[in-house]
Amino acid sequence: MPTQVGDAGITVPADALLGGIAGLGGGVPKITSKPANLTALVFMPVSTSGSPPSDQNAAIAQGPNGFIGQTTTGTPSSVKSDTSGTTMTFGSNTAKLDSTGFHVTIGSYTVSITSAGMSINGISFDTHVHGGVTAGTSDTTGPI
């Protein structure tokens, strides 16, 4: 999670050269002398009683634009949440929750649930009709 202005935390001195870890340079630390200024301080965020985790056993990720979680091996999968909604993917399958509703795409089928009702590939579940209907036990064609 990115550090933001106003985040609670403390600074602690680090007695190792952190430039290589942070990507800001390399070299060998000089641990025989103490730094004469504040360059050895590292900010460490801490939680406060005003922001307890919703689940003590779960990792929480957050940021001003939301968050992205993704796999690095196996079938590509991810969860992205931002101000426009939340999208989950697993391979080529997706599920998206946004201000218009909930949309799931698996293969060539998309199921959408919105305030207007449910649809499959754009065909309304509530108002669809079937062709080839005759009285009795005959079969019908697919939705039109």
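**Entry 1: H103**

I began with H103 and found this residue in strand β7. The model I am reading is a predicted one. I then asked whether H103 counts as buried or exposed. With a relative accessibility of 18%, H103 counts as buried, because the cut-off for that class is under 20%.

I looked up what the side chain of H103 touches through polar atoms. I noted a polar contact, at 2.9 Å, with the side chain of S112. I also listed the contacts of H103, leaving aside neighbours within four places in sequence. The list holds T94, A95, K96, D98, V111, S112 and T114.

**Entry 2: strands β5, β6 and β7**

Two residues in that list, T94 and D98, led me to the strand pairings. I recorded β6 as residues 93-98 and β5 as residues 85-90. These two strands pair in the antiparallel sense, over six bridges. Which residue of β6 is the bridge partner of T89? I found that it is T94.

I followed the chain from β5 into β6 and noted a hairpin with two residues between the strands. G91 sits in this turn and has a positive phi of about 65°.

On to β7, which covers residues 101-106. I noted that β6 and β7 run antiparallel and are joined by five bridges. The bridge partner of D98 in β7 is G101. Here too I entered a hairpin, and β6 connects to β7 through two residues.

**Entry 3: the sheet**

I next asked how many strands form the sheet and in what order they lie. Eight strands form an open sheet, in the order β3-β4-β5-β6-β7-β8-β9-β10, with antiparallel pairing. I identified the edge strands as β3 (67-70) and β10 (123-124), since each of them pairs on one side only. As general background, I noted that the strands of a sheet pair through backbone hydrogen bonds.

At the β3 end I looked at the pairing with β4, which spans residues 77-82. The two strands are antiparallel, and four bridges link them. Within this pairing, G69 has V79 in β4 as its bridge partner.

**Entry 4: the loop between β3 and β4**

I located G74 in the loop between β3 and β4. Is G74 buried or exposed? I entered G74 as exposed, because its relative accessible area of 70% is over the 50% cut-off. I then took the separation of G74 from G91, the turn residue of Entry 2. Their C-alpha atoms are separated by 9.5 Å, and the two residues are 17 apart along the chain.

**Entry 5: the salt bridge**

I searched the whole structure for salt bridges and found one. Its members are K80 and D82, with the closest N and O atoms 3.7 Å apart. As a general matter, side chains of opposite charge can pair when their charged atoms come close. I checked the exposure of both members. K80 is partly exposed, with a relative accessible area of 42%. D82 is also partly exposed, with a value of 25%.

**Entry 6: N121**

I placed N121 in the loop between β9 (117-120) and β10. What is the phi of N121? I noted a positive value of about 50°, although N121 is not a glycine. In general, most residues other than glycine have a negative phi. N121 is partly exposed, with a relative accessible area of 39%.

**Entry 7: a nonpolar patch**

I turned to the surface and noted a nonpolar patch of about 240 Å². Which residues make this patch? I wrote down I10, M44 and V46. I10 belongs to strand β1, residues 9-13. Its relative accessibility is 42%, and I10 counts as partly exposed.

**Entry 8: the whole chain**

Last, I recorded values for the protein chain as a whole. I counted one helix and ten strands. Read along the sequence, the pattern is β-α-β-β-β-β-β-β-β-β-β. The chain has 144 residues, of which 8% count as buried.

I entered an accessible surface of about 11,300 Å², with 60% of it belonging to carbon and sulfur atoms. For contacts between residues at least 6 apart in sequence, I noted that 21% join residues at least 24 apart.

Methods. Residues numbered from 1 in each chain as written. Predicted model: local features only at pLDDT ≥ 70, side-chain atom pairs only at ≥ 80, totals over all residues. Heavy atoms only, no water. Salt bridge = Lys/Arg side-chain N within 4 Å of Asp/Glu carboxyl O. Buried < 20%, exposed > 50% of the residue type's maximum accessible area, 1.4 Å probe, protein only. Pairing = 2+ DSSP bridges. Contact = heavy atoms within 4.5 Å. Areas by Shrake-Rupley, 256 points an atom, 1.4 Å probe, with all protein chains shown as cover. Patch = residues over 30% accessible without salt bridge, like charges linked within 9 Å, V, L, I, M, F, W, Y side chains within 5 Å. Polar contact = N/O pair within 3.5 Å; in protein donor to acceptor, adjacent residues only side chain to side chain.
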